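Visitor: Please take one part of this model and go through its side-chain contacts closely. I would like the criteria stated along with the values.

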Amino acid sequence: LLLQVRLVMKAHSFIRENVPRVLSSVKDKSGIVHIPRISQYLYFLFAPTLIYRDNYPRNPTIRWGYVATKFAQVLGSLFYAYYIFVRLCIPQFRNSSQETFNLRGLVLCIFNSILPGVLILFLVFFAFLHCWLNAFAEMLRFADRMFYK
């Protein structure tokens, strides 16, 4: 579902940037219609941006050590999230499944799982938004990475 939302947002940006340009060239009857190339569109689909441009700033080289570090951080985040889930969340619900149902036990399970759940949420955001997208930005030589500034 998230991938579909991302693709719809990218398609919207692509159409929003290119349709006025094509319509103005048809309206002027200049004969030259500036249609983006397939390679520009494919680069936009994989680049970590939602704003379409024909050209993006590019780095001259790919730092493969940086890419490997970011993918290692993704794996580390996933293993740490798994560890938190197994050690802090599953035992709470495993114990509650052996007891009779009561509201007090359910509330205690939920409150005991809030902090691990927030930690897992932060890890997933760090793994995807920081590590994963920066690794792909580096592999695509995408130089415009001033998101945090």
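Guide: What follows goes through the loop between H2 and H3 and the side chains that meet it.

This is a predicted model, in which local features need pLDDT of at least 70 and side-chain atom pairs count only at pLDDT 80 or more, while totals for chains, interfaces and linings use all residues. Residues are numbered from 1 along each chain as its sequence is written, and side-chain values use heavy atoms, with hydrogens and water left out.

The elements come from DSSP runs, numbered from the N terminus: helices are H or I runs of at least four residues, and strands are E runs of at least two. The loop in question lies between helix H2 (38-46) and helix H3 (64-98). Accessibility is sorted into buried (under 20% relative accessible area), exposed (over 50%) and partly exposed (in between), with a 1.4 Å probe and protein chains only.

Salt bridges are a convenient place to begin. The criterion is a side-chain nitrogen of Lys or Arg within 4 Å of a carboxyl oxygen of Asp or Glu, and by this rule the count comes to three.

One of these joins Arg53 to Glu17, with 3.3 Å between the closest N and O atoms. Arg53 belongs to the loop and Glu17 to helix H1, so this bridge ties together parts that are 36 residues apart in sequence. Arg53 is partly exposed because its relative accessibility is 39%; Glu17, with a relative accessible area of 32%, is partly exposed as well.

Another salt bridge is formed by the side chains of Asp54 and Arg21, at 2.5 Å from N to O. Here too distant parts of the chain are linked: Asp54 is in the loop between H2 and H3, Arg21 is in helix H1, and 33 residues separate them. Asp54 has a relative accessible area of 28% and therefore counts as partly exposed, and Arg21, at 26%, is also partly exposed.

Arg63 and Glu138 make a salt bridge at 3.0 Å, N to O. Arg63 lies in the loop between H2 and H3 and Glu138 in helix H4 (residues 103-139), so this pair ties together parts that are 75 residues apart in sequence. Arg63 is partly exposed, with a relative accessible area of 44%, whereas Glu138 counts as buried because its relative accessibility is 0%.

Arg63 has a further partner: its charged end sits over the ring of Tyr66, 4.5 Å from the ring centre. For this label, NZ of Lys or CZ of Arg must be within 6 Å of the ring centre and within 35 degrees of the ring normal. Lys10 meets the criterion at Phe44, where its charged end is 4.6 Å from the centre of the ring.

Back at helix H1 (residues 2-28), Asn18 lies within the helix. With contact meaning heavy atoms within 4.5 Å, Asn18 touches Pro36, Tyr52 and Asp54, not counting residues up to four places away in sequence. Asn18 is buried because its relative accessibility is 5%. Asp54 thus appears both among the contacts of Asn18 and in the salt bridge with Arg21.

Tyr52 leads on to the rings. Rings of Phe, Tyr and Trp (its six-membered ring) pair if their centres lie within 6.5 Å; planes under 30 degrees apart count as stacked, over 60 as edge-to-face and the rest as tilted. By this rule the count comes to eight aromatic pairs. Among them, Phe44 and Tyr52 have ring centres 5.2 Å apart and planes at 85°, so the arrangement is edge-to-face. Phe44 and Tyr52 are both buried.

A second example, Tyr56 with Phe142, has centres 5.5 Å apart and planes at 55°, so this pair is tilted. Tyr56 is in the loop between H2 and H3, and Phe142 is in the segment after H4, so that distant parts of the chain, 86 residues apart, are linked. Tyr56 is buried with a relative accessible area of 12%, and Phe142 is buried at 3% relative accessibility.

Ring pairs also connect Phe14, Tyr41, Phe44 and Tyr52 into a cluster. Phe44 is therefore a member of that cluster as well as the ring under the charged end of Lys10.
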